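Me: I am new to this structure and would be grateful for a close look at a single part of it. Please explain the terms as they arise.

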Amino acid sequence: MNVKLLKQFLALAETLHFGRASEACFVSVSALSRNIRYLEDELGVVLFNRDNRTVMLTREGQRFLEYAREAISQWNLIRHELTDNPGELSGEISLYGSVTASYSFLHELLRRFRSAYPAIEIKLRTGDPEHAIAHVLDGKEDLSIAAKPAHLPRGLAFKPIATSPLLFIAPLEQQVPSAPAGTPATAEQWANTPMILSESGVSRARVDEWFRKRDISPRIYAQVTGNEAIVSMVSLGFGIGVVPKIVLDNSPLRERIRVLDVAPTLDPYDIGLFTLKKNLKNPLVEAFWSLM
């Protein structure tokens, strides 16, 4: 099986867009389409359903996706074992993290890693931190940086990097009549306060538990993806939000935000590196893991 074809298949399976996949693989759209057809002919099945608007994996494509990811991983391992220079690691690893993680942790970490292992290529993808663990569990990325959940999925390894408090934040200036001028003092005031919260994830679970223990049904003004969006909406005066301190510290809007003195405080974020335990057998992943 041609490894380049597998990588092109993976790119299309992840983007579901011929244009973006062709750019990522440095081939033309026509060449990518031709290579996918070749794979389908070799396998005797259709891997993608496509029309003029959409591209979707078929059931057979989903099964082949698992094979392709494992095959690429095994290829990287055997290539390292057979290299003429076994003392120098080379190959590619993929990493997922939020924008905040990129300039909070990854800048220094990637600098050190590049210095120690110049022959290893790093594929970095940024996005919503709540998807970080799923990307590793699904095999989309080798590693990710995110907050540790209350229960770690089986087969997942975690290595702590830092701890960040979870903060209740409000606009520095009251710009919207419904936004609070101060910290709500009673359950009734909290229930009438517009809240801007994450759609899901660690912070949402903890703030939901905080309200539940106080028998408060919060008035949710907006549910957003990404902590940076919460800071932005709060700075505009739409309500109170909850974000990790590290997000606020690195936000260009932090001067428009004030931290509320709320008691009891929320449990802090434990931020760290995730990978599948089996991935640690890969010397490239293990090298990144050990550098922490």
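**A loop residue and its two helices**

Reply: Leu16 is partly exposed, its relative accessible area being 30%; this class lies between buried (under 20%) and exposed (over 50%), judged with a 1.4 Å probe and protein chains only. The model is predicted, so local features need pLDDT of at least 70 and side-chain atom pairs 80 or more, while totals for chains, interfaces and linings use all residues. Residues are numbered from 1 along each chain as its sequence is written, and side-chain values use heavy atoms, without hydrogens and water.

Leu16 sits in the loop between α1 and α2. Helices here are DSSP runs of H or I with at least four residues, strands are runs of E with at least two, and both are numbered from the N terminus. Although Leu16 is not a glycine, its phi is positive, at about 50°. Most residues other than glycine have a negative phi.

On either side of this loop, the axes of α1 (residues 3-15) and α2 (residues 18-25) come within 8 Å and cross at roughly 140°. α1 is therefore oblique to α2, a class left over once angles under 35 degrees (roughly parallel), over 145 (roughly antiparallel) and 65 to 115 (roughly perpendicular) are set aside. Axes are lines fitted to C-alpha atoms, for helices over the stretch in contact, and angles between N-to-C directions run from 0 to 180 degrees. The crossing of α1 past α2 is right-handed, meaning that the near helix is turned clockwise from the far one by less than a right angle.
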